[in-house]
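Me: Could you take a close look at one part of this model for me, the surroundings of the ligand? I'd also be glad of a word on the cysteines while you are there.

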Amino acid sequence: MTKKVSDIINCDSPVKEAIFEIQLYIKAIEENVALYKEKSFEKRIESVDFIEFHVIDQIEGLLRKADQPDELIGLKYHAEKIKAELEKIDINLFQKLQANIRAGGYTRKGFKNLINEYVDFNLDDNQRQEEIGYDNLDIFINGLFPFQDMPEQTKELEPEMVYYQKTPARIVIELAEKSHFMNEDVFFDLGSGLGQVAILINLLAGITVKGVEFEPAFCNYARDCAAALNLSDVTFINTDARKADYSEGTVFFMFTPFRGEILQDVLEILRKESLHRKIKIITYGPCTAQVALQSWLSSADPYNGNIYKLGVFSSL
Ligand SMILES: C[S@@+](CC[C@H](N)C(=O)[O-])C[C@H]1O[C@@H](n2cnc3c(N)ncnc32)[C@H](O)[C@@H]1O
């Protein structure tokens with residue numbers, strides 16, 4: 001059993017005991033040299049969260065009740081300073097990695113290795129595939145993208161169109177692995193949002209990618225990201241997916257961008273494309289159920305009702 005602070009020191013009030021405990025937390029983080037190493041990205045995320053949601057929150061709670069707040073104000077300043085120092089390491093890290101991407105510094109394998117250097121993730125973890133959930137990998141991938149603030153939606157969606165939500169990064173990595181891309185493949189993300197899937201697939205697979213997005217502000221954001229990272233072969237088209245030109249596409253990804261009739265209309269367009277060449281359709285989310293019903297598509301791993309498992313379909 002861990003000893004309470006009051007057993008160790010002679011605390012005459014619960015506030016003093018809490019302050020002492022907070023000082024111990026701060027000291028432990030401050031003196032943990034491993035946290036200041038660039039590669040300790042995941043440990044740093046946990047520590048920054050702990051400082052923000054445990055230490056600083058607790059200090060603020062005490063401050064609301066304190067008669068003599070000086071010590072607590074000093075402690076809060078100290079905690080914020082350590083948090084800022086840890087965050088600065090990641091700001092510098094991501095500036096460096098973005099510059100490397102811009103300079104074309106990663107091969108496909110090199111980019112995957114880069115991710116593995118900073119984040120420990122396991123694609124075989126089936127439990128994690130049963131819900132959407134984001135994790136440290138998403139935080140890392142977000143950091144690689146040069147713009148962090150999401151633009152405001154400017155157009156109203158039709159009832160069957162689905163609002164923006166990002167595909168979890170581990171799903172995009174799984175998508176790259178399961179697609180077995182050929183160099184000549186052209187990948188489309190239908191409803192490409194802020195462009196993360198298309199950009200990641202370009203980095204992971206080195207193939208030409210295109211995003212089709214209804215919302216102009218999202219499309220512009222995605223274009224700016226691709227330009228800021230100096231990525232060629234990445235194009236974003238601002239149009240309704242029912243009007244896009246898919247004549248070059250061989251692999252089509254959908255994280256349920258639309259449902260019902262719109263989805264069926266787009267599938268019909270893709271079916272016609274499949275009369276000219278074999279195509280793959282890869283799905284994530286509720287649209288998988290409707291795609292699985294298409295008689296012109298087959299899947300080596302039939303749909304089992306889990307909408308958060310990637311659906312991989314090939315035209316017959
Ligand atoms: C669930 S989000 C997926 C975003 C992106 N594919 C990703 O995974 O990060 C769906 C996106 O589809 C877009 N969308 C909805 N209806 C569309 C349509 N008819 N044509 C093109 N894009 C559409 C939405 O604006 C939204 O950005």
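Reply: Happy to help; here is a walk through the ligand site, followed by the cysteines.

Please keep in mind that this is a predicted model. The ligand sits in the largest pocket, and 23 residues surround the ligand there. Among these 23, the ones that come nearest are T167, D189, G191, E213 and A241. By class, the shell around the ligand is made up of twelve nonpolar residues, seven polar ones and four charged ones.

Now for the polar contacts, each of which involves a nitrogen atom of the ligand. D240 contributes a polar side-chain atom, 3.2 Å from a ligand nitrogen. With F214 the partner is a backbone N or O atom, which lies 3.2 Å from a nitrogen atom of the ligand. P257 also takes part through its backbone, where a polar atom is 3.4 Å from a ligand nitrogen. As for cover, the ligand on its own has 600 Å² of accessible area, and the protein covers 99% of that.

On to the cysteines. The count of disulfides in this model is zero. C219 is in no disulfide, and the nearest cysteine sulfur to its own belongs to C225, 12 Å away. Seen from the other side, the closest cysteine sulfur to that of C225 is the one in C219, and because the gap is 12 Å, it is too far for a bond. Are these two residues buried or exposed? C219 counts as buried, because its relative accessibility is 0%. C225 is buried too, with a relative accessible area of 0%.

Key. Residues are numbered from 1 along each chain as its sequence is written. This is a predicted model: local features need pLDDT of at least 70, side-chain atom pairs count only at pLDDT 80 or more; totals for chains, interfaces and linings use all residues. Side-chain values use heavy atoms; hydrogens and water are left out. A residue is near a molecule or strand if one of its heavy atoms lies within 4 Å of it. A polar contact is a pair of N or O atoms within 3.5 Å; within protein, one must be able to donate a hydrogen and the other to accept it, and residues adjacent in sequence count only if both atoms are side-chain atoms. Accessible areas come from the Shrake-Rupley method with a 1.4 Å probe; for residues, only the protein chains shown count as cover. On a 1 Å grid over the protein atoms alone, a cavity is a set of points where a 1.4 Å probe fits but cannot get out, and a pocket is an open set with protein on both sides within 12 Å along at least five of seven lines; lining residues have an atom within 4 Å of a point. A molecule sits in a cavity or pocket if more than half of its atoms lie within 2 Å of its grid points. Ala, Val, Leu, Ile, Met, Phe, Trp, Tyr, Cys and Pro count as nonpolar, Asp, Glu, Lys and Arg as charged, and the others, Gly among them, as polar. A disulfide is a pair of cysteine sulfur atoms within 2.5 Å. Buried means under 20% relative accessible area, exposed over 50%, partly exposed in between (1.4 Å probe, protein chains only).
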